[in-house]
Amino acid sequence: MIVSVIYGSNRSERQGIKAAKFLQNRLSNRGHEAILVDTQEVNLPFLDKMYLEYKREDAPENMRKIADIFSKSDGFMIVSGEWNHSIPPALKNLLDHFKSEYHYKPSAIATYSAGPFGGVRASVHIRAITGELGMPSIPTMFAVSGIGKAFTEQGNDPEGTYTRRAVKFLDEFDWYLEAFKNQREKR
């Protein structure tokens, strides 16, 4: 399976990228092709036109590249911090640029924060957004508390705590990836 790992922070000294790399590594270890789509690297402008509003040849190159990745993806792992009890503006901007590329593909939500709650308040908003975009989220969510110390820069889990916790989350995501793919193939 191909999974887009969407990371949505443009902040300097951001810590959540470590959680995105951790989940990318976990997905790769399960045999998936996990492609990190980092809002800081793709650098989309504030939404003016959605990808579908362009002729393909007229769409900005970075938008075409993301559309190609999302189109071939079987599912989406969304990794988000919590900003004012909601999602980062860069993540919302990235998600809103696309539509049909998400259809009939599941999403999984991972959130993080520096504090003890792991960004869970953002997950409520993300769940509503993913449903509207046609990539409903799996029931289980993955929250990371104390993000600054949870992972190494490469996304390794030195304590093993999150590695153990990720098993159920990723098992469930795998089930949805397979179920949705089977149904898409019937269309």
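This section describes the central sheet of a predicted model, the helices that pack on it, and two individual residues.

The model contains an open sheet of five strands, arranged in the order E2-E1-E3-E4-E5 and paired in the parallel sense. Strand E2 (33-38) and E5 occupy the edges and have a single partner strand each, so that one side of each is left without a neighbour in the sheet. From one strand to the next, the twist averages 20°. Helix H1 packs on this sheet, where it touches E1, E2, E3, E4 and E5, and its direction makes about 165° with that of E2. Helix H5 also packs on the sheet, touching E3, E4 and E5, with a direction that makes about 155° with that of E4.

Within the sheet, E1 and E3 run parallel and are joined by five bridges, and Val5 stands opposite Met77 in E3. On the side of E4, six bridges join E3 to that strand, again with parallel pairing, and Met77 has Ala108 as its bridge partner there. In a regular strand, side chains alternate between the two faces of the sheet. Both faces of E3 are covered, since Gly75, Met77, Val79 and Gly81 on one side and Phe76, Ile78 and Ser80 on the other are all buried; in total, seven of the seven residues of this strand are buried.

The pairing continues from E4 to E5, which are parallel and share five bridges. Along this pair, Ser107 has Ser137 as its bridge partner in E5, while Thr111 stands opposite Ala143. Although E5 stands at an edge of the sheet, six of its eight residues are buried, so this strand is largely enclosed by the rest of the structure. Two connections between the strands are right-handed β-α-β units: one is made by E3, helix H4 (residues 89-96) and E4, and another by E4, helix H5 (residues 120-133) and E5.

Helix H7 (residues 161-186) has 26 residues, which at 1.5 Å a residue should span 38 Å, and the distance of 39 Å between its end C-alpha atoms agrees with this expectation. A bend of about 35° is nevertheless found in H7 at Val167. The buried residues of this helix are Tyr162, Ala166, Phe169, Leu170, Glu172, Phe173, Leu177 and Arg184. An α-helix has 3.6 residues a turn, so residues three or four places apart point the same way. The cover over the buried residues of H7 includes strands E1 (2-7), E3 (75-81), E4 (107-112) and E5 (137-144), together with helices H1 (16-29) and H6 (147-150).

Two buried residues outside the strands may be described individually. His97 lies in the loop between H4 and E4 and counts as buried because its relative accessibility is 1%, under the 20% cut-off. Apart from residues up to four places away in sequence, His97 touches Leu44, Pro45, Phe46, Leu47, Lys49, Met50, Tyr51 and Met63. Ile129, which is placed in helix H5, also counts as buried, because its relative accessibility of 16% is under the 20% cut-off. When neighbours within four places in sequence are left aside, Ile129 is in contact with Ile87, Lys92 and Leu95. Between Ile129 and Asp48, the separation is 81 residues in sequence and 19 Å in space, taken from C-alpha to C-alpha.

How values were computed
Residues are numbered from 1 along each chain as its sequence is written. This is a predicted model: local features need pLDDT of at least 70, side-chain atom pairs count only at pLDDT 80 or more; totals for chains, interfaces and linings use all residues. Side-chain values use heavy atoms; hydrogens and water are left out. Helices (H or I, at least four residues) and strands (E, at least two) are DSSP runs, numbered from the N terminus. The expected span of a helix is 1.5 Å times one less than its number of residues. The bend at a residue is the angle between axes fitted to the seven residues ending there and the seven starting there. Buried means under 20% relative accessible area, exposed over 50%, partly exposed in between (1.4 Å probe, protein chains only). Contact means heavy atoms within 4.5 Å. Two strands pair if DSSP finds at least two bridges between them. A crossover is right-handed if, with the strands pointing away from the viewer, the path from the first strand over the helix to the second runs clockwise. Axes are lines fitted to C-alpha atoms, for helices over the stretch in contact, and angles run from 0 to 180 degrees between N-to-C directions.
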